[in-house]
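Here is a friendly walk through one protein model. Have the sequence and the 3D view open side by side as you read.

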Amino acid sequence: MKYKEKKIKLDNPLSFWNYFKNEERFLFYNPLKKEYILGAKRLKTFSMKENLKDYLYTFSSMRFFDSIKDEKWAGFGNETIAFEYYLVEKDGQQTLYYLKDFIEIENREVKICKHSYKYATEDEQDWKELFSVANNSISRKEVNKVVISREIKIECDRVVNVDSLLENLLKKNPNSFVFSYFKEGKTFLGATPEILVQKEKDNILSYALAGTIERREKNDELQKTRLLNDPKNRYEHEIVIDSIVNVVKKFTEETIVDETTTLTLKNVHHLYTPIYTKDKSSTLLEWVRRLHPTPAVGGNPANKALELIKRHEKHERGLYGAPIGIMDQNGDGVFVVGIRSALIEQNTVYAYAGCGIVDESDYEIEYIETKNKLRTIIESL
Ligand SMILES: C=C(O[C@@H]1C=C(C(=O)O)C=C[C@H]1O)C(=O)O
């Protein structure tokens with residue numbers, strides 16, 4: 001497939017997003033490379049083993065669990081797709097890629113609109129119950145960590161302006177991967193800090209990212225030190241490191257576990273440890289299968305924790321917490337974990353947040369932690 005290319009100059013890459021209104025499309029912003037990739041109009045859907053060569057980029061959205069029953073997630077997930085049009089912005093340079101005819105995309109200013117909204121969910125009681133199920137399972141030593149989550153239904157006074165929401169997500173979360181996927185009238189979007197796995201030639205990178213403390217005004221250093229020295233958070237974090245290292249060791253010979261530091265986002269700090277290895281023989285999608293879900297979104301042992309989540313969470317996770325990624329023609333790319341995310345349809349926003357429960361966890365502190373995580377979406381509305 002031979003894409004033609006042309007350098008273009010748009011004030012905002014979201015003009016591309018706006019131009020393809022009602023078409024299936026995605027946006028993916030990588031903060032490490034300061035790179036935007038957007039694609040529109042489905043060209044081809046790939047199977048797991050197919051060669052991606054010639055397709056410039058593919059966009060993949062997986063599901064947290066394989067199966068989906070809830071109508072609102074119907075048609076979403078477990079797909080790798082190539083698109084007819086791409087816009088790539090890197091180092092301030094934009095290139096439009098197209099197969100047949102060049103399209104003139106007009107500059108569109110994104111007007112920020114503030115949505116009035118109300119919460120249509122009262123779930124504190126559900127959270128209490130879910131927390132105690134998790135806690136009991138930990139006491140019985142069936143699991144040592146389980147990540148439980150909430151789904152918050154938010155009703156806005158008008159159809160959600162996704163362009164404005166995306167512009168806000170990008171502006172307010174410069175250290176996050178911002179993703180958005182529109183299909184059949186619904187958008188799944190978010191601003192996540194977490195790399196599940198990145199592949200650049202034979203270099204493989206995964207993040208252990210777990211353990212959270214609220215960000216307090218003017219107090220970053222103090223909060224970071226607190227987090228780094230907090231045994232409960234360190235324990236939660238170690239479980240994630242150990243699990244990723246165990247997977248990596250099964251398939252490669254050398255594993256490098258970097259130093260544990262903190263990652264600071266708009267509202268929270270996380271404990272953060274990059275893990276590196278080298279691998280010549282596997283594809284990025286194979287690494288995604290091996291690593292998802294890490295105990296940063298699932299738990300440990302994985303099977304027991306996932307069983308508990310499946311059985312006791314009242315909502316379906318859909319694409320929340322699932323791998324979302326971009327690959328290039330060589331099969332290199334990055335998959336992030338679809339957290340700090342929401343599914344949007346018309347006036348309704350379903351926002352998601354979860355947190356890891358271990359032996360020492362307190363239900364109220366964890367509830368507040370989910371509120372802080374939900375702020376990523378809510379503050380952009
Ligand atoms: C599950 C989420 O976040 C994950 C859980 C964390 C924790 O429990 O400390 C921290 C980062 C993420 O890996 C979420 O944001 O919904």
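How many bridges join strand S4 (residues 57-61) to S17? Strands S4 and S17 are joined by 5 bridges, and the two run antiparallel. Before going further, please keep in mind that this is a predicted model.

**Strand S17 and its partners**

Strand S17 spans residues 323-328. On one side of the pairing list is S4, where Ser-61 has Ile-324 of S17 as its bridge partner. S17 also pairs with strand S18 (residues 333-337), again through 5 bridges and in an antiparallel arrangement. There, Ile-326 is matched with Val-334 of S18. The pairings can be set out like this:

| Strands paired | Bridges | Direction | A bridge pair |
|---|---|---|---|
| S4 (residues 57-61) and S17 | 5 bridges | antiparallel | Ser-61 and Ile-324 |
| S17 and S18 (residues 333-337) | 5 bridges | antiparallel | Ile-326 and Val-334 |

Is S17 mostly covered or mostly open? Strand S17 is mostly covered, with 5 of its 6 residues buried. S17 and S18 form a hairpin with 4 residues between the strands, and Gly-331 in this hairpin adopts a positive phi near 85 degrees.

**Two domains in contact**

The protein chain is split into domain 1 (4-98) and domain 2 (117-315 + 335-379). Taken over C-alpha atoms, the centres of domain 1 and domain 2 are 23 Å apart. Their contact involves 19 residues from domain 1 and 24 residues from domain 2. On the domain 1 side, helix H1 (14-19) and strand S2 (25-30) each supply at least two of the touching residues. The largest share of that side, 6 residues, belongs to S2. By residue type, the side of domain 1 that touches domain 2 is made up of 12 nonpolar, 4 polar and 3 charged residues.

**The largest nonpolar core**

Which residues touch the most other members of the largest nonpolar core? Among its 104 residues, these are Leu-27, Leu-38, Val-146, Phe-179, Ala-342 and Val-349. Strand S20 (residues 348-357) gives this core its largest share, 7 residues. Both domain 1 (4-98) and domain 2 (117-315 + 335-379) contribute, each with at least three residues.

Leu-27 is a good residue to select in your viewer. Leaving aside residues up to four places away in sequence, Leu-27 touches Trp-17, Tyr-36, Leu-38, Leu-166, Phe-179 and Ser-180. Two of these contacts, Leu-38 and Phe-179, also appear with Leu-27 among the core residues that touch the most other members.

Note on methods
Residues are numbered from 1 along each chain as its sequence is written. This is a predicted model: local features need pLDDT of at least 70, side-chain atom pairs count only at pLDDT 80 or more; totals for chains, interfaces and linings use all residues. A nonpolar core is a set of buried Ala, Val, Leu, Ile, Met, Phe, Trp, Tyr and Cys residues joined through C-beta atoms within 7 Å. A residue is buried if 20 or more other C-beta atoms lie within 10 Å of its own, exposed if 12 or fewer, and partly exposed in between; C-beta atoms are placed from the backbone. Domain bounds come from an automatic or database domain assignment. Two residues are in contact if their C-beta atoms, placed from the backbone, lie within 7 Å. Two strands pair if DSSP finds at least two bridges between them. Ala, Val, Leu, Ile, Met, Phe, Trp, Tyr, Cys and Pro count as nonpolar, Asp, Glu, Lys and Arg as charged, and the others, Gly among them, as polar.
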